[in-house]
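Notebook open, structure loaded. I want to look up how the nonpolar residues group and how two of the helices pack.

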Amino acid sequence: MAINLRTQCSTIHGLPWNLIFASTLWYCWKGRNNLVFNDGQQPPVSPQKFIFQFAREWYDANKSASNKPPRQIISIHWIHPPIGRYKINTDGSCNDPFRHISAGGLIRNSEGDWIKGFAANLGRGTIMEAELWGVFMGLSIAWDEGCRDVILECDSWDAVILIQKSILDSHPLYNLIIDCKEAIGKNWRCEVTHIYREMNASADHMADLGHGLSLGLHVFVSPPTSASNILVSDSIGRALPRAVLT
């Protein structure tokens with residue numbers, strides 16, 4: 001038995017022999033259990049088809065898993081905006097299974113100083129609603145604050161695409177997406193870009209705060225004490241690991 005389980009030479013079916021052997025043992029064991037515990041259920045007269053089918057499916061599934069694109073670990077961190085520009089980081093949050101959603105974010109200058117922050121309890125909805133509300137609120141607060149040269153960063157790729165591409169008026173979030181587009185199109189310099197979530201920890205924290213607040217938008221003139229450590233990490237550029245495609 002040990003020799004058969006170690007032998008990896010291919011059979012005429014292109015499958016390693018040790019897989020065929022192990023599949024046969026499994027089939028015999030399963031057939032015996034069916035015979036004993038399932039009222040004498042008899043196995044097929046010619047079980048080869050079932051054995052090879054099981055072995056093929058197992059082989060293909062594991063082959064696909066082993067053929068995933070190679071990845072490498074990189075170090076990433078929040079990046080200060082250039083001098084004279086402001087950076088808006090936003091995020092959305094959804095607490096399943098009740099679909100309670102919230103949004104949050106913050107505005108910082110090139111020194112990493114806190115300009116304004118916000119958190120919002122949005123009631124119930126979808127994660128995409130939360131992400132888009134975060135974008136819209138972040139842009140609106142930055143505009144009202146007098147910022148006219150901004151970079152908005154969001155870790156939802158889907159939200160960024162919805163904002164940047166054309167949208168059909170049949171989309172369930174059409175009005176909210178249009179509000180975001182109109183905010184971006186105001187008389188200011190406004191860039192919207194996707195970032196990895198490891199670079200968006202401060203906004204993620206603000207979004208999580210929204211779940212514990214009363215319904216609606218809450219603006220923070222100064223940072224909440226619970227965000228202190230994250231803000232310091234961002235300011236000094238403390239890196240976090242991220243696996244990315246090579």
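Started with the largest nonpolar core, keeping in mind that this is a predicted model. I get 27 residues in that core, and the members touching the most others are I88, L132, V135, L139, A142, V150 and L152. Next I looked up where the core residues come from. At least two each are supplied by β4 (114-124), α4 (127-144), β5 (149-154), α5 (157-164), α6 (174-184) and β6 (189-194). The top contributor is α4, with seven residues.

I picked L139 for a closer look. Which residues does L139 touch, leaving out those up to four places away in sequence? My list reads I88, L152, C180, A183, I184, W188 and C190.

There is also a second core, separate from that one, with eight residues. I noted L106, A119, M206 and A227 among them.

Then on to helix packing. I'm using the usual pair of numbers here: two packed helices are described by the angle between their axes and the distance between the axes. For α4 and α5 I have an angle of about 60 degrees and axes 10 Å apart. That angle is why I log α4 as oblique to α5. I also wrote down the handedness: α4 and α5 cross in a right-handed way.

Which residues make the contact between α4 and α5? On the α4 side I find M128, E131, L132 and V135, and they meet D158, A159, L162 and I163 of α5. Sorted by class, this contact comes out as six nonpolar and two charged residues, with no polar ones.

Terms used:
Residues numbered from 1 in each chain as written. Predicted model: local features only at pLDDT ≥ 70, side-chain atom pairs only at ≥ 80, totals over all residues. Heavy atoms only, no water. Core = buried A, V, L, I, M, F, W, Y, C linked by side-chain atoms within 4.5 Å. Buried < 20%, exposed > 50% of the residue type's maximum accessible area, 1.4 Å probe, protein only. Helix = DSSP H or I, 4+ residues; strand = E, 2+ residues; numbered from the N terminus. Contact = heavy atoms within 4.5 Å. Axes fitted to C-alpha atoms, helices over the stretch in contact; angles between N-to-C directions. Parallel < 35°, antiparallel > 145°, perpendicular 65-115°, else oblique. Left-handed = near helix turned anticlockwise from the far one by under 90°. Nonpolar A, V, L, I, M, F, W, Y, C, P; charged D, E, K, R; others polar.
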